[in-house]
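User: I would like a close look at one part of this model, with the reasoning spelled out where it can be. Please take the strands as the starting point and work outward from there.

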Amino acid sequence: MKNLHEFVINYIGDAAHKFNVYADSSVTDETMLEKIFAWFNHGSGKECPKFIEKKMRSLSVNDCVRLNSQWYQCRSVGWEKVTEEFVDELEASVVAHPRYVKEGGWACLQDIMWSQYKRIS
């Protein structure tokens, strides 16, 4: 049996895109996230038509995906569960970043996440 999986790719500070896909009910979120990563990455050989049609940039480290109402953040290896509040706060931080207008969301997101990483280390 196939279930409908709704997912949103949130390029923090830039755009959010909503998609629906049917997959076997046995497919785990982890497996689905790996499929989404391949579908939305140039050079994977598994790019989905919507990705190509919309001329989207590849999913990258720190981008967020909501899958079946749970948010995940892309990490250098795998995915980490995050809250909707985390995503909202990250979005607000990126948009408020002093270089946002000139450099865009992706550059500011990387700067913010790098700053958080350095504080934790």
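In which sense do strand 1 and strand 3 (residues 64-67) pair, and over how many bridges?

Analyst: This is a predicted model, and what follows should be read as a description of that prediction. Strand 1 and strand 3 (residues 64-67) pair in the antiparallel sense, over 4 bridges, and within this pairing isoleucine 9 has valine 65 of strand 3 as its bridge partner. Strand 1 also pairs with strand 2, again in the antiparallel sense, over 10 bridges, with histidine 5 facing valine 21 of strand 2 as its bridge partner. Strand 1 and strand 2 form a hairpin with 3 residues between them, and glycine 13, which sits in the turn, has a positive phi of about 80°.

The side chains add a second kind of link between these strands. Lysine 18 and glutamate 6 meet in a salt bridge, at 3.3 Å from N to O, and this pair joins distant parts of the chain, since lysine 18 belongs to strand 2 (residues 15-24) and glutamate 6 to strand 1 (residues 2-11), 12 residues apart. The two partners differ in how they are classed: lysine 18 counts as exposed because its relative accessibility is 55%, whereas glutamate 6, at 29%, counts as partly exposed. The pair is also part of a wider arrangement, in which Glu6, Lys18 and Arg66 are linked in a network of salt bridges. In total, the structure holds 7 salt bridges.

From strand 3 the view can be carried on to strand 4 (residues 70-74), where glutamine 73 is found. Glutamine 73 has a relative accessible area of 1%, and because buried means under 20%, this residue is classed as buried. Its side chain nevertheless has a polar partner, making a polar contact with the side chain of arginine 75 at 3.3 Å. Leaving aside neighbours within four places in sequence, the residues in contact with glutamine 73 include Cys64, Trp79, Val82, Phe86, Leu90 and Met113.

Leu90 leads on to helix 3, where Val87, Leu90 and Val94 are buried. Seen down the axis of helix 3, the buried residues fall within an arc of 65°, so they line one face of the helix. The face turned away from that buried side carries the exposed residues Glu85, Glu89 and Ala96. An α-helix has 3.6 residues a turn, so residues three or four places apart point the same way. Helix 3 itself has 13 residues and reaches 18 Å from its first C-alpha to its last, close to the 18 Å expected at 1.5 Å a residue.

Beyond helix 3 there is a further group of charged side chains, centred on arginine 99. Arginine 99 forms a salt bridge with glutamate 103, whose closest N and O atoms are 2.8 Å apart, and the side chain of arginine 99 also meets that of aspartate 111 in a salt bridge, at 3.8 Å from N to O. The latter pair links distant parts of the chain, with arginine 99 in the loop between helix 3 (84-96) and helix 4 (100-103) and aspartate 111 in helix 5 (residues 105-120), 12 residues apart. As for accessibility, arginine 99 is partly exposed at 36%, glutamate 103 is partly exposed at 40%, and aspartate 111 is partly exposed at 27%.

Conventions: Residues numbered from 1 in each chain as written. Predicted model: local features only at pLDDT ≥ 70, side-chain atom pairs only at ≥ 80, totals over all residues. Heavy atoms only, no water. Salt bridge = Lys/Arg side-chain N within 4 Å of Asp/Glu carboxyl O. Helix = DSSP H or I, 4+ residues; strand = E, 2+ residues; numbered from the N terminus. Buried < 20%, exposed > 50% of the residue type's maximum accessible area, 1.4 Å probe, protein only. Pairing = 2+ DSSP bridges. Expected span 1.5 Å × (residues − 1). Arc of directions from axis to C-beta. Polar contact = N/O pair within 3.5 Å; in protein donor to acceptor, adjacent residues only side chain to side chain. Contact = heavy atoms within 4.5 Å.
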